[in-house]
Amino acid sequence: MKPIRELNPQFLTKEENKENLISYLLETADNYLILGQRLGELCGHGPNLEPDIAITNIALDLLGQVRSFYQYASQLKDDKTTEDDLAFLRKEREYKNVLLVEQPNTDFAYIIVRQYFFDVYNKLFLNALQQSADETLRALAFKGIKEAAYHERFSGDWLKRLGDGTEESHNRVQQAVNDLWIYTDELFHKTDSSRAMIEAGIAPDMLQLREHYYEKVENLLTTTTLNIPEVEYFQKGGKQGIHSEHMGRILAEMQYMQLAYPGMRW
Amino acid sequence: MNLPSTILDVLEEVKDPEIPVLNVIDLGVIRDVKVEDKEVMIKLTPTYSGCPAMDVIGDDLERAFAKAGYQTTIHLVMSPPWTTDWITERGRKALEEYGVAAPLEESADKAALLDGEKVVKCTNCGSKNTRLVSQFGSTACKAMFQCNDCGEPFDYFKCLR
């Protein structure tokens, strides 16, 4: 795919544009980091061997992708900030991930539903990002989309299997769908930085893909005999740094090593 | 890439740490090599995003060239993204002998395009009567298969393109 337009080389020399791009990169990357961390918690704890391996493989892909985003953001920032600083040394309010990805691993149904809700979005997002005016983001999107498609196949297959499975699996996956549905809309919210990046041709306008997203998700839910929840309002706040009570615990676990041994590296 | 044999020898010494029969040339991750005096500049394309082997490959390259008396700089190139089509014919053979089914070639992948099952041959007995056990395997690059005829479980190097 061709970029929709080439980026004006002067664009990033303006401080305001650079700040917005960094903020947009973090907003995107933090989803991968927190979901990757959540999935990583399941290493050795999957319901049986295959999903255990699959889930940790997906975590590995997400953490791999997040590194590229943080590396790019740290290059833009200054000479001192490293990808590790961005991943490990920010405060809770500075993380911009959506609330969906920080939701706990309540049971296998929650893990699969959370993953499917994210994977469908992520695939649409990376597909659209391949037309970014920013060369680095185009490259990351090309790379990431193959993995994202593979993830969606995994979570979608499991969602079907659980929905179509026993009464028990059906009820539990329906519960997970009901509980997590309120977090889906936030994926499409625009922040000031993302608006600026859409304007510049760097970010895709995901709001335009919202309808397509729900069509796809609802289609799968319906074919697997699951009901589509009706909700009064959708939860939001993650993109503004206002997180659920789960976030602090994730960070405590994730940041422990860096805080105990400042500057440590792999 | 036309490389002097001294450089090529060093490159072929460096193996994928997780699949030690595959060297970096056969894996298809080396995009470009420039040699200036005693300095080697290597452009490397990562395979899977989070593959821990990539960091090790980078370190191993530096070590191998240091032994041969060269300084190394490695640049990661993300675009165009690596595909399993870049694994060489020699690499594919080595994989099969090692017991990992090589990624299907484009022509063999038609069935998958039409949403059918892929036909992956058993690395033990050669039977085409195999089944996918898990989409994900022991490393980021592998899926798990089992042969319905001889019962042998085996790895399949997942197709990425």
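Two strands pair if DSSP finds at least two bridges between them. I keep that rule beside me today, and I also remind myself that this is a predicted model.

**Entry 1: a hairpin in chain B**

I started with strand β3 (residues 30–36) of chain B. It is joined to β4(B) by 6 bridges, and the two strands run antiparallel. I looked for one pair across the ladder and found D32(B) opposite K43(B) in β4(B). The two strands make a hairpin with 2 residues between them. In the turn I noted D37(B), which has a positive phi of about 55°.

**Entry 2: the two faces of β4**

Next I stayed with β4 (residues 39–44) of chain B and asked myself which of its side chains are buried. V40(B), I42(B) and L44(B) are, and they point to one face. E39(B), M41(B) and K43(B) point to the other face and are not buried. I jotted down the background too: in a regular strand the side chains alternate between the two faces of the sheet. So K43(B), the residue opposite D32(B), belongs to the face of β4(B) whose side chains are not buried, by the cut-off of 20 or more other C-beta atoms within 10 Å.

**Entry 3: on to β5**

On following β4(B) further, I found a parallel partner, strand β5 (residues 71–76) of chain B, with 6 bridges between them. Here E39(B) stands opposite Q71(B) in β5(B). How does the chain get from β4(B) to β5(B), and which hand does the crossover have? The path goes through helix α3 (residues 53–67) of chain B, and the β-α-β crossover is right-handed.

**Entry 4: a small hairpin earlier on**

I then went back to strand β1 (residues 15–16) of chain B, which pairs with β2(B) in the antiparallel sense over 2 bridges. K15(B) stands opposite N23(B) in β2(B). These strands also form a hairpin, with 2 residues between them.

**Entry 5: the sheet with β6 to β9**

I looked up an open sheet of 4 strands in chain B, and its order is β6-β9-β8-β7, with mixed pairing. Which strands stand at the edges? They are β6 (100–101) and β7 (130–134) of chain B; each has a single partner strand, so one side of each is left without a neighbour in the sheet. Inside the order, strand β8 (residues 142–147) and strand β9 (residues 153–157) of chain B pair antiparallel over 5 bridges. One pair I checked there is A143(B), whose bridge partner in β9(B) is Y156(B).

**Entry 6: chain B as a whole**

Stepping back, I counted 5 helices and 9 strands in chain B. Along the sequence they follow the pattern α-β-β-α-β-β-α-β-α-β-α-β-β-β. The C-alpha trace spans about 55 × 30 × 25 Å along its principal axes. Of the 161 residues in chain B, 37% are buried. I also saw that 53% of the contacts with a separation of 6 or more are between residues 24 or more positions apart.

**Entry 7: two domains**

Chain B is divided into domain 1 (5–76) and domain 2 (88–157). Their centres, taken over C-alpha atoms, are separated by 27 Å. How many residues are in contact across the two domains? I found 12 from domain 1 in contact with 10 from domain 2. On the domain 1 side, β2 (19–23) and α2 (24–27) of chain B are the elements that give two or more residues. That side divides into 7 nonpolar, 3 polar and 2 charged residues.

**Entry 8: where the chains meet**

Then I turned to the interface, where 15 residues of chain B are in contact with 20 residues of chain A. The chain B side has 9 nonpolar residues, 6 polar and no charged.

**Entry 9: the core**

The largest nonpolar core has 109 residues, and those with the most contacts inside it are L100(A), I112(A), V113(A) and F117(A). Its largest share, 14 residues, comes from helix α5 (residues 108–129) of chain A. The core also draws at least three residues from each of the two domains of chain B. I picked V113(A) for a closer look: beyond four places away in sequence, V113(A) touches L159(A), V173(A), A176(A), V177(A) and L180(A).

**Entry 10: one residue of chain A**

Last, I looked at N171(A), which lies in helix α7 (residues 167–180) of chain A. Is N171(A) buried or exposed? It is exposed, because 12 other C-beta atoms lie within 10 Å and the cut-off for exposed is 12 or fewer. N171(A) and R195(A) are 24 residues apart in sequence, and their C-alpha atoms are 39 Å apart in space.

Technical notes. Residues numbered from 1 in each chain as written. Chains lettered and ligands numbered in written order. Predicted model: local features only at pLDDT ≥ 70, side-chain atom pairs only at ≥ 80, totals over all residues. Right-handed = clockwise from strand over helix to strand, strands pointing away. Contact = placed C-beta atoms within 7 Å. Nonpolar A, V, L, I, M, F, W, Y, C, P; charged D, E, K, R; others polar. Core = buried A, V, L, I, M, F, W, Y, C linked by C-beta atoms within 7 Å. Domains from an automatic or database assignment.
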